[in-house]
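Trainee: Could you take me through one part of this model in detail, namely the way its helices pack? I would like a careful, connected account.

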Amino acid sequence: MNGPAAIKICGLKDAETVRGLDGMPVTHIGLVFAPSKRRVDAETAAELIAAARTIGARGGLPPKTVGVFVDPSMDELRAVLRHAPLDIVQLHGGETPAFCRAVKEELAVGVWKAFAAAGDETERSAATRLQPYEGAVDALLADTAGGGTGRPFDWRLLRLYHKAAKAIGVPLFAAGGLHPDNIGELMRDYAPDGVDVSSGVETDGRKDLAKIRQFVERVTGR
C-alpha cells in the first residue's frame, strides 16, 4: 500500500458523529453488526452510510463504509446489504477463504478478513495461515484475540503479518487497544498500512470527536 496509512474509525452509531468527521483524513468508518454494545441494525446503518456520503474526508472524498460481521450467513449479508449499501464487509470470525471469495464475487463488495494475532506465531505459520486468502480478500486485519477487548497484542508480530500480507498483495491493518497515546509509537516502529480504532477514541462509551481528531493527527503526523 502506497501513501499514508488508512484510518478506520469503527463502532459508529449516530449520524451526528459521522458528520463530525468532515474534513478529517479518515478513509473508512466501521458499522458493527455483530453482537456488541456498538451494534447497529440495517436501517440505522443506512442512515449512517447516507451521512458518510455527505462529508469530505481524506482528499475531499467520503470515507468508505465497512460492515463488521462475525460468522454471518450469506443470507444475513444479503439482507443487510439490501438496506445498507456497504462498500466493504469485514469478516471477524472463522470464515473460510471460500466463503470470503463467495461474498466478494456474489455480493460485489470489498472483503476484509480479520484474524487474531497469535503469540507463538512464526514467519512460516503466519504465511501458512494467511496465504489461502490470496484472491479472496482485499485486506487483512490483525486484532487482539477475542476482538473488542481494548487491549493491544504484541506489535512485534506485525512484521510477520506485514510480510505475509504483502506476499498475497493486500494491505495489513492493525487493530486492538489503539488510542491517541500509543498510536504514534505504532506508526513509528511498525508502520502498518492501516489502523482501526474504536473504544480508544471514546469517552464514557461514546465516540469523542476531540479524541478522534487527536488520533488521526498522530497517525498522519500532522
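Trainee: To begin with one pair, is the crossing of α3 and α4 right-handed or left-handed?

Mentor: The model is a predicted one, and in it the crossing of α3 and α4 is right-handed. Two packed helices are described by the angle between their axes and the distance between the axes. For helix α3, residues 74–83, and helix α4, residues 97–107, that angle is about 35°, and the axes lie 11 Å apart. On the α3 side the contact consists of Met74, Leu77, Arg78 and Leu81, which meet Phe99, Ala102, Val103, Glu106 and Leu107 on the α4 side. Sorted by class, this contact has seven nonpolar and two charged residues, with no polar residue.

Helix α7, residues 183–190, can be followed next, through its packing with helix α6, residues 157–167, where the angle is about 55° and the axes are 11 Å apart. Because angles under 35 degrees count as roughly parallel and those from 65 to 115 as roughly perpendicular, with the rest outside the roughly antiparallel range taken as oblique, α6 and α7 are oblique to each other. Their crossing is right-handed, and it brings Leu158, Arg159 and His162 of α6 into contact with Leu186, Asp189 and Tyr190 of α7. By class, the residues in this contact are three nonpolar, one polar and two charged.

Helix α7 also packs with helix α8, residues 209–220, and here the axes come within 8 Å and cross at roughly 20°. That angle makes α7 roughly parallel to α8, and the crossing of this pair is right-handed. From α7 the contact takes Ile183, Gly184 and Met187, while α8 supplies Phe215, Arg218 and Val219. The contact of α7 with α8 divides into four nonpolar residues, one polar and one charged.

Leu209, a residue of α8, leads on to the second largest pocket, since Leu209 belongs to the lining of that pocket. The lining also includes Gly11, Lys13, Asp14, Glu16 and Thr17, together with Lys37 and Arg38, and further along the chain Glu202, Gly205, Arg206 and Lys207. Two elements, α1 (15–20) and β10 (206–207), give two or more residues each to this lining. The space in the second largest pocket is about 250 Å³, and its lining divides by class into eight charged residues, three polar and one nonpolar.

Methods. Residues are numbered from 1 along each chain as its sequence is written. This is a predicted model: local features need pLDDT of at least 70, side-chain atom pairs count only at pLDDT 80 or more; totals for chains, interfaces and linings use all residues. Side-chain values use heavy atoms; hydrogens and water are left out. On a 1 Å grid over the protein atoms alone, a cavity is a set of points where a 1.4 Å probe fits but cannot get out, and a pocket is an open set with protein on both sides within 12 Å along at least five of seven lines; lining residues have an atom within 4 Å of a point. Grid points are joined across faces, edges and corners, and a volume is the space filled by probe spheres set on the points. Helices (H or I, at least four residues) and strands (E, at least two) are DSSP runs, numbered from the N terminus. Ala, Val, Leu, Ile, Met, Phe, Trp, Tyr, Cys and Pro count as nonpolar, Asp, Glu, Lys and Arg as charged, and the others, Gly among them, as polar. Axes are lines fitted to C-alpha atoms, for helices over the stretch in contact, and angles run from 0 to 180 degrees between N-to-C directions. Angles under 35 degrees count as roughly parallel, over 145 as roughly antiparallel, 65 to 115 as roughly perpendicular and the rest as oblique. A crossing is left-handed if the near helix is turned anticlockwise from the far one by less than a right angle, and right-handed if clockwise. Contact means heavy atoms within 4.5 Å.
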